[in-house]
Amino acid sequence: MRNEETGGTPVINRCASLDRTTADRPLPRPAQRVPQHARLIRAEPGSTEPLPLELVRRDVAGDRPGVALMLRIRVIDAHTGTPVGGAVLDIRHRDATGDGEVRGAQVTGAEGYAEFRTVHPGREAGAPVAIHAEVHVGGYLAGGRSVTYAGPLVVPEQIAGQIDGQVAARAEDPSPDTGGVLHVVPRDRFDLKAGLLGSITVTIGE
């Protein structure tokens, strides 16, 4: 097949159409443009830190310096594909300087969403820029027995590299076994430091 100036509509080349071997081959599938869900895996009991109630807040960064990042995460059940409401979504990451840590949590709504106001994370030497996420289900805040799912949410290097200047803007994103890569867009495409919007859907229960 070849494309001609016909509004982008594919035109079948006559010679190619006579080649049965080529014609019988299945057409290539279109590239996947929808971000893949992040997969959080079940954490070992006792491997997560207790969550003080004062950390249940939407504003994670407070007055810390850095590029503002509005983060929206949706939690869904891996088996049923339905939203997980009433779960505690606990996030933490290095602050913009890379020396401190910020942490906060939100309870997911009926449609499985939780939103945070934070800053673009600092980078740990030799590692991708990431936010560690934990989802607690089963009475975590009430003091009951809970099950925790955890994994990293990685900031794309195209964004992270331009903000911290430590990695080339065209560096490849890692492919973590657990967690996933955030979908991040700038508020102002001409100025990344004007603020970022990040989103991802995470699955639990596998």
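## Salt bridges and one threonine in a predicted model

T201 sits in strand β13, which covers residues 196–204. Keep in mind as you look around that this is a predicted model. Is T201 buried or exposed? Its relative accessibility is 19%, and buried means under 20%, so T201 counts as buried. And what does T201 touch, once you leave aside its neighbours within four places in sequence? The answer is H37, A38, R74 and I76.

One of those contacts, R74, leads us to the next topic: salt bridges. The count for this model comes to eight. Here are some of them, with the distance from N to O.

| Pair | N to O distance |
|---|---|
| D59 and R117 | 2.9 Å |
| R74 and E111 | 3.2 Å |
| R123 and D164 | 2.9 Å |

Let's start with D59 and R117, whose side chains meet in a salt bridge. This pair links distant parts of the chain, with the two positions 58 residues apart. D59 is in the loop between β4 (41–42) and β5 (68–77), while R117 belongs to strand β8, residues 113–119. How open are they? D59 has a relative accessibility of 35%, so D59 counts as partly exposed. R117 comes out at 32%, and that makes R117 partly exposed too.

Now back to R74, the residue that T201 touches. The side chain of R74 forms a salt bridge with that of E111. Where do these two sit along the chain? R74 is in strand β5, and E111 is in the loop between β7 (101–107) and β8. They are 37 residues apart, so this is another pair that links distant parts of the chain. E111 has a relative accessible area of 47%, which puts E111 in the partly exposed group.

The R123 and D164 pair is next, with its closest N and O atoms 2.9 Å apart. R123 lies in the loop between β8 and β9 (130–137), and D164 lies in helix α3 (residues 157–164), so the salt bridge ties together parts that are 41 residues apart in sequence. Are the partners buried or partly exposed? R123 is buried, at 13% relative accessibility, whereas D164 is partly exposed, at 25%.

Finally, salt bridges can also join up into a group. Which residues do that here? R58, R72 and E115 are linked in a network of salt bridges.

Technical notes:
Residues numbered from 1 in each chain as written. Predicted model: local features only at pLDDT ≥ 70, side-chain atom pairs only at ≥ 80, totals over all residues. Heavy atoms only, no water. Salt bridge = Lys/Arg side-chain N within 4 Å of Asp/Glu carboxyl O. Helix = DSSP H or I, 4+ residues; strand = E, 2+ residues; numbered from the N terminus. Buried < 20%, exposed > 50% of the residue type's maximum accessible area, 1.4 Å probe, protein only. Contact = heavy atoms within 4.5 Å.
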